[in-house]
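Grab a pencil and work through these exercises with the model open beside you. Each task is followed by a step-by-step solution.

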Amino acid sequence: METIVFALLNGVIYGLLLFMLSSGLTLIFSMMGVLNFAHASFYMLGAYFAFTISGSTTFWIALFVAPVLVGLVGAVVERYGLRKVHANGHVAELLFTFGLAYLIEEIVKIVYGKTAVDYRIPDLLNFPAFTIYGASFPAYRIFMLFIAIGMLIGLWYLLKKTRAGLIIQAALTHPHMVGHLGHNVPLIFMTVFGIGCAMAGLAGVIAGNIFVTDPAMAVQMGPIVFVVVVVGGIGSLEGAFLASLLIGLIQNFAVGINASFAEIFWFTGLSPTSEIGDITISSLAPVMPFLLLVLMLIFRPRGLMGEQEL
Amino acid sequence: MSIKTAALAAAVSAVAVTAAQAEIKMAFIDPLSGPFGPSGEAAYTSYLLEAERINEAGGVNGEMIELTGYDNKVNPKESLVQLQKAIDSGARYIFQGNGSSVAAAIIDAVNKHNKRNPGDEVLFFNYAAVTPAFTNESCSFWHFRFDAHADMKMAAITDYIRSQDDIKKVYLIGQDYIFGQAVAAAAESQLTEKRPDIEIVGNELHPLGKVKDFTPYIQKIISSGADAVITGNWGADMQLLMKAAAESGSDIPYMTFYGGSLGAVSALGEGAMDLLYQVSEGITNLEASDEQYELIETYKERFPEYDYYYHRAHVAMRMFKEAAEKAGSVDPIAVAYALEGMVHQDAYGPVTMRAEDHQAQQNLYISTVSDDVKYGVDNIELGWKVVEGGEIDASVAEQPTTCEMERPEKP
Amino acid sequence: MSDATQNHADLAPSTGAKFRQRTLPILIFVAIILAIPMTDPSRTMLTLIHQMAINIVFALAYNMLLGKGGMLSFGHAVYFGLGGYFCMHVMNWIEEGSGIWGSYPTFFLPVMGFVAGGLAAAVIGSFSCRRAGTTFAMISLGVAELVFSGAFMFDSLFGGEQGINGDRMNGPEVFGLSMGPMQDIYWFMAFWTVVGIVAMYAFTRTPLGRLSEATRDNPQRVQFIGYNPTRVRWLVFTISGAFAGLAGGMSAVNYEIFTPEALSLIPSGFVLIMAYVGGITYFAGPIMGAILLTYMSSMMSDFTEAWLLYLGLMFVIIVMYAPRGIAGIVFGFWDGLRGAQSGEFLKRTLIQLAGCLLMLLGLIVLVEVSIRWSNGWGEVFEPYGMHFGHDSILTWIVIVVPIVAGAAILRYLGREKEEMPA
Amino acid sequence: MTAPALSLKNLSKSFGPAQIINDVNLDIAKGERHAIIGPNGAGKSTLFNLISGLYTPTSGTVSLNGTLISGVPPHEINRMGLSRSFQVSNIFANMTVRENVRCGVLHSLGQGYSFWKSVTSSKAVQEKTFEVLEHCALVDKANTPAALLPYADQRALEIAITIAGGANVILLDEPTAGMSHSETDRAVELIRKSSEGKTLVIVEHDMGVIFDLADRISVLVYGEIIASAPPSEIRGDPKVREAYLGDEALPEETA
């Protein structure tokens with residue numbers, strides 16, 4: 001029972017965090033056709049910016065300023081980088097963002113050093129929120145939950161209730177039509193790219209301190225975000241949301257399960273000392289998202305909510 | 001960061017100044033970046049300081065030591081690339097410690113190199129890779145270990161647990177590679193032998209250096225009802241484990257190999273007292289000579305970011321010097337023979353380099369965190385203090401060896 | 001209408017042209033390989049050459065996918081790694097002498113890598129090659145991560161963190177090579193590099209090789225000449241995986257160790273950069289890229305800590321301004337020199353070069369000064385006896401002036417070109 | 001009685017709510033030159049895509065020489081002897097003209113997916129390539145990169161690739177679109193020559209071309225065939241006049 005409660009709590013938080021990243025990636029991809037390989041690098045930038053800002057001011061200022069800065073960086077990258085390679089097709093754009101991920105990591109290493117920085121959670125939130133089954137649950141994680149839900153509502157409001165959102169939605173479904181409506185398409189692209197990056201940055205701000213803020217955080221997060229987008233169905237925000245939660249929950253549930261293959265597949269006579277029999281579900285946790293990806297590709301290539309086959 | 005590295009730069013330049021007359025090239029191959037970067041750097045600084053002191057005192061047989069650091073990112077293959085580079089640049093003495101997988105690869109590569117390039121031999125001084133096999137079935141003449149291996153450290157821990165009657169359930173957590181597996185196996189077999197009534201309620205191996213949030217593991221430990229946790233974790237895996245334990249309000253004692261790793265104590269804070277235990281070959285707060293205190297203080301002054309932790313790095317350097325002087329040569333084979341069976345009078349008791357397996361035998365100390373100490377760690381007031389009954393004599397920790405060593409011809 | 005005497009043979013390039021374009025470069029390459037040992041290279045040099053050899057074969061194998069097949073993969077090291085791993089196991093079987101393996105020469109280990117890499121690619125490709133373009137790229141990334149993290153679960157296959165190691169000095173000797181000393185390995189590397197290059201070049205001349213290019217350019221049309229583009233992609237993927245496995249086998253013999261990191265995204269990314277920087281539209285491009293980048297990674301890292309930053313910058317600049325890579329620049333320069341207005345062309349190129357060099361100068365000073373400042377070791381960037389502190393005004397002049405001047409020159413040239421009548 | 005070369009039975013295709021092809025029935029006999037005409041948006045290209053296998057019909061069937069081919073992937077249909085061209089030039093732009101044609105030749109000469117022999121090793125491939133090039137008057141440009149060809153030659157190359165595989169049913173999608181008069185004449189000549197002894201289905205806007213070439217004409221309007229008859233009858237058909245020819249007496253589309 002306690003395993004379930006813990007896995008549920010941690011899974012939802014992690015899942016929402018994944019959604020903060022994957023929603024930006026989905027927005028950018030479905031509008032511009034650009035698969036932003038450097039998306040997780042903006043997540044990393046968010047954490048580092050927040051570390052710097054909260055060092056000289058407070059965490060609360062960083063919470064607002066850092067994502068905005070990351071968004072601005074994103075907009076600059078779109079305006080002076082991506083736009084130039086746009087003519088060479090999507091693969092060239094993907095390569096550009098791939099190189100960008102490299103660059104950001106190296107610049108971060110130069111500016112902040114190769115090892116982790118001491119980005120701490122604010123003292124105000126550094127207390128146990130409640131205790132269940134003997135383990136206390138940190139208040140900061142509850143705070144993360146609220147931020148993530150807040151962002152979710154904000155995104156929903158932006159897309160459904162504002163004029164900008166309507167244009168974005170129109171652009172999502174009919175990318176070629178928006179230009180005819182007299183809207184400045186390059187400006188829309190730049191804005192969407194910036195907003196997507198800012199959301200990744202916000203995720204970095206709130207996750208950098210409970211995980212580790214080091215130059216490897218982008219590389220570790222990147223592939224999982226891609227998995228989320230493919231599993232959810234490319235271009236579908238709802239799909240990305242479901243896939244994020246699904247992967248967050250699966251990974252956290254897996255950690256909590258000690259059963260080994262030998263115990264699960266006892267009927268096959270698998271020996272618990274054999275290499276396969278010895279594998280426990282909890283040790284499978286890091287592989288789960290990728291396993292899910294491959295299974296999805298084989299059995300349901302369009303993803304959870306995708307409209308078409310990839 | 002800037003304070004730390006300024007001092008490091010000073011050390012680098014101090015060693016570099018002597019480079020003009022350098023004769024003995026040594027290579028330090030360990031992580032200098034990434035999650036285990038601080039572990040490597042903490043040891044590197046100790047070596048640099050000791051090399052500098054030896055050079056100031058006239059060097060080894062009048063020759064100066066030049067030590068170069070190589071970053072291997074705790075990756076065995078990268079280590080071999082760096083090892084090749086080091087050998088190509090003339091290094092004949094290799095120091096490495098972080099990661100038994102790396103040490104295994106280096107032992108293998110050094111064996112091959114020495115076989116294929118007679119007259120060009122290389123020695124490997126292992127200061128922290130403690131998988132027992134290196135001085136047992138896979139022992140090598142070219143390998144010397146200055147740290148107690150996992151079975152020895154576990155013997156010290158289990159010896160202590162033997163007297164702790166309130167520990168009934170033990171949880172094992174470790175890194176998923178040869179070292180972590182060796183620790184778990186040693187804990188299981190030694191506990192069943194010394195305390196058959198203890199129940200092992202969990203035996204968890206997690207990926208090395210990849211887990212960013214240990215909270216789910218800690219929650220699992222708490223719900224298992226364990227009375228104590230035994231872990232061989234080191235580097236970031238140790239620090240993050242403690243961070244998660246502190247966040248979850250865990251009050252279970254942790255018996256660790258590397259609780260002294262950077263940042264583990266400060267992660268727990270006051271909560272570490274009587275909860276975090278470590279086994280080591282010496283701690284700064286032990287009664288020692290003024291000379292030793294002076295070394296500790298010099299180190300802290302030079303490298304304020306780190307604590308004096310890698311005492312064995314100094315021991316390894318000094319034993320090399322003694323052996324080279326005894327042999328009257330810095331030729332690796334001669335030095336190796338001189339090291340065999342050598343007894344070094346150290347600040348924390350004698351260190352014997354056992355000839356049959358090249359495993360150093362030394363006293364071990366179980367310590368816990370206390371606020372009543374001479375030297376704190378992590379730049380806070382808390383520091384390590386030996387627990388009652390925590391002085392484990394070298395003979396208690398000594399383990400038999402299965403090593404059948406092949407020796408080259410004596411020069 | 002053509003006259004009756006003309007026949008199909010006249011359409012193919014003449015024998016002379018074929019020799020110039022195809023045979024001659026390979027002969028020159030072989031001559032260089034034969035000449036190198038005469039210079040009595042140092043161990044460091046040999047280490048570097050062996051790494052280059054492995055990377056040349058790997059980058060060419062990769063370019064079969066990206067350049068010739070139009071498939072961008074972020075996980076090609078998987079096949080390199082699996083091929084190499086299999087070779088490590090074979091190496092150990094040779095050492096044990098079990099079964100027929102006892103009489104298998106280590107010299108031919110790359111053949112085993114080829115087989116293993118090909119098989120792995122055939123299996124994985126059977127589902128990943130159903131898509132093309134960016135989706136294929138994403139899938140390749142996911143599959144690579146799956147294989148990489150899965151590798152830690154099967155220690156008997158992958159050896160866990162410490163990997164699998166072996167000893168290449170076992171099994172029967174061939175060509176009188178004991179495979180121990182580096183000089184022996186040199187001939188091993190030379191042999192397999194030439195075999196790899198010739199075989200992969202030959203592949204581009206086969207029907208499948210041509211179809212691979214056709215599928216890259218126009219998969220729809222390929223369907224209507226009777227071919228299944230998915231099948232073409234799958235076959236190309238398999239063969240490319242096999243050659244990556246061959247390179248893995250070369251690496252297994254060279255390092256005598258394989259660790260799961262060999263399957264990870266880092267080598268996958270590096271091979272992509274090698275191939276792309278070299279120039280994916282030319283067969284020789286990846287060779288140039290492999291040589292240059294191996295050299296950079298091994299030598300530049302001794303000169304500057306920021307070499308990865310320079311690498312990233314170079315990659316991004318090439319993606320933005322020279323998508324045909326270094327080979328494109330070299331061949332473009334060659335064509336320009338031989339073109340009608342070679343004088344004008346040379347002048348333009350030189351000015352362009354000057355602009356680039358100026359910008360590069362400023363950039364290098366900027367990076368080097370900031371890396372030293374950030375390290376905080378108190379070290380100062382002092383090239384050629386000059387002194388650039390991060391706090392001196394001179395330093396900032398040396399940074400800003402060349403960058404602005406260089407940018408201005410390049411901009412001016414760019415404008416001039418636009419105004420030129422087409 | 002031999003089966004018709006192509007037979008469409010109750011063929012329908014819809015995309016979502018939009019019904020593009022509606023219950024088309026059409027038999028095309030072997031050796032017939034059949035033209036399909038109709039206003040823009042009538043579904044001519046969709047019909048071609050259905051026949052050539054690019055789309056799967058929503059309902060109904062397509063048979064080639066009596067064999068059911070609806071639902072069969074395009075490359076297999078091609079191997080069964082049906083080849084098509086495209087409305088916009090759909091060639092391998094990075095290859096030379098000769099290489100383009102050679103790609104088209106490969107499969108019919110049993111080269112399969114082979115990667116163990118050189119593409120130049122087969123004499124049959126070389127000869128057939130030359131023959132096709134000669135047939136389409138492209139020999140002089142054989143070594144020109146396809147992307148650099150003049151427009152009319154690109155169209156000729158499109159036809160060359162289409163016939164290179166020796167298919168006996170050939171679908172041409174507006175082969176003369178955008179050509180000048182003299183170029184059109186040359187193209188018609190080429191088409192006539194290429195389709196000798198074969199079944200030809202052609203979509204065309206140029207009525208001159210149609211009435212010159214076709215044995216029979218089908219008129220497609222809003223996804224339905226409203227008439228199918230020899231040219232002379234079509235000209236006089238009041239339904240056709242009303243639906244199609246009425247507003248543009250003899251439409252001569254310019255590009």
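**Exercise 1.** Find how many residues chain C and chain A each put into their contact, and which helix of chain C gives the largest share.

Solution. Start with the count: 35 residues come from chain C and 36 from chain A, where contact means C-beta atoms, placed from the backbone, within 7 Å. Next, list the elements giving two or more residues on the chain C side: helix 5 (133-151), helix 6 (155-158), helix 11 (265-278), helix 13 (307-321) and helix 15 (342-375). Helix 5 of chain C supplies the largest share, 13 residues. Finally, sort that side by type: 22 nonpolar, 10 polar and 3 charged.

A quick note on the model: it is predicted, so local features need pLDDT of at least 70 and side-chain atom pairs pLDDT 80 or more, while totals for chains, interfaces and linings use all residues. Residues are numbered from 1 along each chain as written, and chains are lettered from A in the order written.

**Exercise 2.** Work out which helix of chain B gives the most to the side that touches chain A.

Solution. This contact takes 23 residues from chain B and 24 from chain A. Helices 2 (37-56), 7 (215-223) and 8 (236-247) of chain B each give two or more. Helix 7 of chain B comes out top with 8 residues. By type, the chain B side splits into 10 nonpolar, 8 polar and 5 charged.

Conventions
Two residues are in contact if their C-beta atoms, placed from the backbone, lie within 7 Å. Helices (H or I, at least four residues) and strands (E, at least two) are DSSP runs, numbered from the N terminus. Ala, Val, Leu, Ile, Met, Phe, Trp, Tyr, Cys and Pro count as nonpolar, Asp, Glu, Lys and Arg as charged, and the others, Gly among them, as polar.
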